[in-house]
Amino acid sequence: MPPKPTRVTNRIRALRSDANAMTQADLARRLGVTRQTVIAIEQGRYSPSLELAFQIARVFGLPLDAVFQYEAPQD
C-alpha cells in the first residue's frame, strides 16, 4: 500500500521561483539535505521535521505558516 500523503501542504516551489529561480539542488545544499528530500517535501510525499521546516522558512525569510499549511481532517 502506498504511503498516505501528508496533510501538510507548502509553497516551496512558488517561493523558489520567486527567489531568483532557486533550484531544488540549491535549496537542498542550503539545508544540508538531498535534492530528493526537497522534491518529496514539495510534492507532499514527506513532511519535514519541525527543525527542517523552520530552516526552510528561514531560507525564504518567512514565518513558518507562510510556507507550510496544515489541512485539518474533515469529520
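## Contacts around Gln 24

Contact here means heavy atoms within 4.5 Å. By that rule, and leaving aside residues up to four places away in sequence, Gln 24 touches Arg 16, Arg 35, Val 38, Ile 39 and Glu 42. The model is a predicted one.

Gln 24 belongs to helix 2, which covers residues 24-31. Its relative accessible area is 13%, and because buried means under 20%, Gln 24 counts as buried. The side chains of Gln 24 and Glu 42 are joined by a polar contact of 3.1 Å.

## The chain as a whole

The chain contains 5 helices and 2 strands. Along the sequence these elements follow the pattern β-α-α-α-α-α-β. The radius of gyration is 12 Å, close to the 11 Å that the globule rule gives for 75 residues, so the chain is as compact as a globular protein of that length. The C-alpha trace spans about 40 × 25 × 20 Å along its principal axes.

Of the 75 residues, 32% count as buried. Among contacts in the chain with a separation of 6 or more, 59% are between residues 24 or more positions apart. The accessible surface comes to about 5300 Å², and carbon and sulfur atoms account for 52% of that surface. The chain has 10 positive and 7 negative charges, and the mean positions of the two sets are 7 Å apart.

## Helix 3 and its cover

Helix 3 runs over residues 35-42, and its buried residues are Val 38, Ile 39, Ala 40, Ile 41 and Glu 42. Three of these names, Val 38, Ile 39 and Glu 42, also appear among the residues that Gln 24 touches.

Which elements cover the buried residues of helix 3? The cover includes strand 1 (8-10) and strand 2 (68-70), together with helix 1 (12-18), helix 2 and helix 4 (50-59). Just after helix 3, Gly 44 takes a positive phi of about 75°.

## Leu 52 in helix 4

Leu 52 lies in helix 4. With a relative accessible area of 8%, Leu 52 is buried. Not counting residues up to four places away in sequence, Leu 52 touches Leu 31, Val 33 and Ile 41. Of these, Ile 41 is one of the buried residues of helix 3.

Leu 52 and Ala 28 are 24 residues apart in sequence, and their C-alpha atoms are 11 Å apart in space.

## Arg 7 before strand 1

Arg 7 is placed in the segment before strand 1. Arg 7 is partly exposed, at a relative accessible area of 40%. Residues up to four places away in sequence aside, Arg 7 touches Gln 69, Tyr 70, Glu 71, Ala 72 and Pro 73. Gln 69 and Tyr 70 fall within strand 2, which is given as 68-70.

Arg 7 and Leu 50 are 43 residues apart along the chain, and 14 Å separates their C-alpha atoms.

## The loop between helix 1 and helix 2

Asn 20 is found in the loop between helix 1 and helix 2, and Ala 21 has its place in that loop too. Asn 20 is not a glycine, yet has a positive phi of about 55°. Ala 21, also a residue other than glycine, has a positive phi near 55°.

Are these loop residues buried or exposed? Asn 20 is exposed, with a relative accessible area of 75%. Ala 21 counts as exposed at 55% relative accessibility.

Notes
Residues numbered from 1 in each chain as written. Predicted model: local features only at pLDDT ≥ 70, side-chain atom pairs only at ≥ 80, totals over all residues. Heavy atoms only, no water. Helix = DSSP H or I, 4+ residues; strand = E, 2+ residues; numbered from the N terminus. Buried < 20%, exposed > 50% of the residue type's maximum accessible area, 1.4 Å probe, protein only. Polar contact = N/O pair within 3.5 Å; in protein donor to acceptor, adjacent residues only side chain to side chain. Rg over C-alpha atoms; globule rule 2.2 N^0.38 Å. Areas by Shrake-Rupley, 256 points an atom, 1.4 Å probe, with all protein chains shown as cover. Lys, Arg positive; Asp, Glu negative; His and termini not counted. Charge placed at Lys NZ, Arg CZ, Asp CG, Glu CD.
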